[in-house]
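User: Please take a close look at one part of this protein for me. I would like to know about the largest cavity and what surrounds it.

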Amino acid sequence: MIRYVDDRGSLEDARSALAAADLLAVDCEAAGFHRYSDRLCLVQVTCGGRTYLFDPLALDPSPALKAPLRDPTVDVVMHGADFDLRLLDRDLGLRVRALFDTQVAASLLGVDGVGLGTLLGIRFGIQLSKKYQQADWARRPLPGPMLEYAARDTAYLADLAGQLRAELLEAGRLEWALEEFRTLEAVRFESHPARDPVLQVREARNLGAREVDRLREALEWRDRIARQRDRAPFRVAGNRTLVEAAERNPGTVGELADVSGMNAALAREWGGELIRRFRSVDRRPAEMLTGYPCRAATRNGRRHRHRPEVERRLTRLKAVRNATAARLGLDRGTLISNAVLEVIAEAAPSGRDELAGLRGVRRWQSDVLGAELLASV
């Protein structure tokens with residue numbers, strides 16, 4: 001049974017039901033594929049055979065969700081929770097305790113194909129439709145088929161979590177999963193400093209400095225339009241279209257409209273501004289051009305090259321990780337990521353406590369790999 005929660009009466013009914021539950025299956029839908037903002041548009045919660053679809057665009061669902069999500073005695077099952085946890089934190093100020101992430105659990109079991117649809121198909125013979133994967137969840141009213149689609153994402157999570165928990169316990173990996181879940185529970189939304197937009201365009205690295213500066217102007221132009229229209233930027237104009245415009249450097253609105261993929265109406269309404277931006281770039285002396293920045297390998301945006309001894313350590317650490325992952329039947333990145341191995345290679349820890357204290361190293365990883373990693377630094 002599905003209950004749409006968009007008014008005080010339905011919210012109070014949902015609050016009573018969730019307060020009595022000992023397990024909640026939770027999922028979220030956001031609008032980022034269609035809208036400029038990836039704001040939270042729907043929160044699905046299944047408990048006791050009923051699914052509540054909370055509409056955060058109509059009312060604040062926090063009064064019904066806050067207490068049960070924070071109750072350490074109430075299991076909260078999610079699939080691929082990282083992004084949803086950030087949305088819940090940012091848009092509703094909600095935190096989750098007693099998390100069980102079925103995607104993480106399947107990964108730690110070495111399962112091939114950890115998508116929810118794949119797992120449900122193999123284990124329960126349930127086929128999840130993909131029809132509304134890229135739907136506009138900010139539209140209102142949401143049609144019935146979209147509501148049914150959203151409800152199916154949480155309807156089977158409890159059964160899936162029960163199977164995976166039993167398999168983790170049998171494999172001796174339940175503690176691994178629990179540590180990962182506790183780490184996920186600490187996830188919070190963080191706003192990051194704006195990156196140079198040209199770094200998000202693969203073709204930009206092959207452009208000349210003046211063309212890159214034109215592209216940067218085009219990306220900022222598109223972003224302003226997307227924000228004003230509340231549309232995802234790629235729905236205003238694609239990256240390849242802007243790259244071609246930066247290369248061709250059109251001098252008129254008509255020439256801009258001829259660029260492959262450029263919407264003629266967009267060119268007529270907004271093209272004059274983009275052409276003025278391009279002319280501004282053309283007037284810059286060569287020494288004033290920004291061009292393409294070094295691709296960031298570190299947080300400060302500067303290219304980072306490891307010292308030779310660190311590179312040698314990293315090679316040895318990867319060899320240990322790869323061999324252990326093959327033995328355990330795990331994906332290499334699931335066992336331990338390259339980014340964490342780089343931290344270990346740089347730090348060159350001399351003991352287990354020092355290794356376990358490094359950023360990103362889990363206790364279970366130290367238990368499984370610690371001796372071999374320490375022998376390789």
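Analyst: Here is a walk from the whole chain to the cavity, and then to two residues.

Start with how far to trust the picture. This is a predicted model. The protein chain averages a pLDDT of 94. Of its residues, 97% score at least 70. One stretch is another matter: over residues 295-303, pLDDT stays under 50. For that stretch the model has 10 contacts beyond four places in sequence.

Now the overall build. The chain has 377 residues, and 44% of them are buried. It holds 18 helices and six strands. Along the principal axes, the C-alpha atoms fill a box of roughly 65 × 65 × 35 Å. The chain exposes about 19100 Å², and carbon and sulfur atoms supply 47% of that area. Take the contacts with a separation of 6 or more: 64% of them come from residues 24 or more positions apart.

Next, the cavity itself. The structure holds one cavity of 30 Å³ or more. The space in the largest cavity is about 30 Å³. Its lining is made up of Leu85, Asp89, Leu94, Arg95, Val96, Glu185, Val187 and Arg188. By type, four lining residues are nonpolar and four are charged. No polar residue takes part.

Look closer at one of the charged lining residues, Asp89. Asp89 sits in helix α3, which covers residues 81-92. Is Asp89 buried or exposed? Its relative accessible area is 12%, so Asp89 counts as buried, the cut-off being under 20%. Its contacts, leaving aside neighbours within four places in sequence, are Leu94, Arg95, Arg188 and Phe189. Leu94, Arg95 and Arg188 also appear in the cavity lining.

Val96 is another lining residue. Val96 leads to Val76, since the list of residues that Val76 touches includes Val96. Val76 lies in strand β5, residues 75-78. Its relative accessible area is 0%, so Val76 is buried too. Not counting residues up to four places away in sequence, Val76 touches Leu24, Val26, Leu69, Val96, Arg97, Ala98, Leu99 and Phe100. Ala19 gives a sense of distance here. Val76 and Ala19 are 57 residues apart in sequence. In space, their C-alpha atoms are 13 Å apart.

To put it together: the cavity of about 30 Å³ is lined by four nonpolar and four charged residues. Asp89, on its lining, is buried. Val96, also on the lining, is in contact with buried Val76.

Conventions: Residues numbered from 1 in each chain as written. Predicted model: local features only at pLDDT ≥ 70, side-chain atom pairs only at ≥ 80, totals over all residues. Heavy atoms only, no water. pLDDT = per-residue confidence, 0-100. Contact = heavy atoms within 4.5 Å. 1 Å grid on protein atoms, 1.4 Å probe; cavity = no way out; pocket = protein on both sides within 12 Å on 5 of 7 lines; lining within 4 Å. Points joined across faces, edges and corners; volume = space filled by probe spheres on them. Nonpolar A, V, L, I, M, F, W, Y, C, P; charged D, E, K, R; others polar. Helix = DSSP H or I, 4+ residues; strand = E, 2+ residues; numbered from the N terminus. Buried < 20%, exposed > 50% of the residue type's maximum accessible area, 1.4 Å probe, protein only. Areas by Shrake-Rupley, 256 points an atom, 1.4 Å probe, with all protein chains shown as cover.
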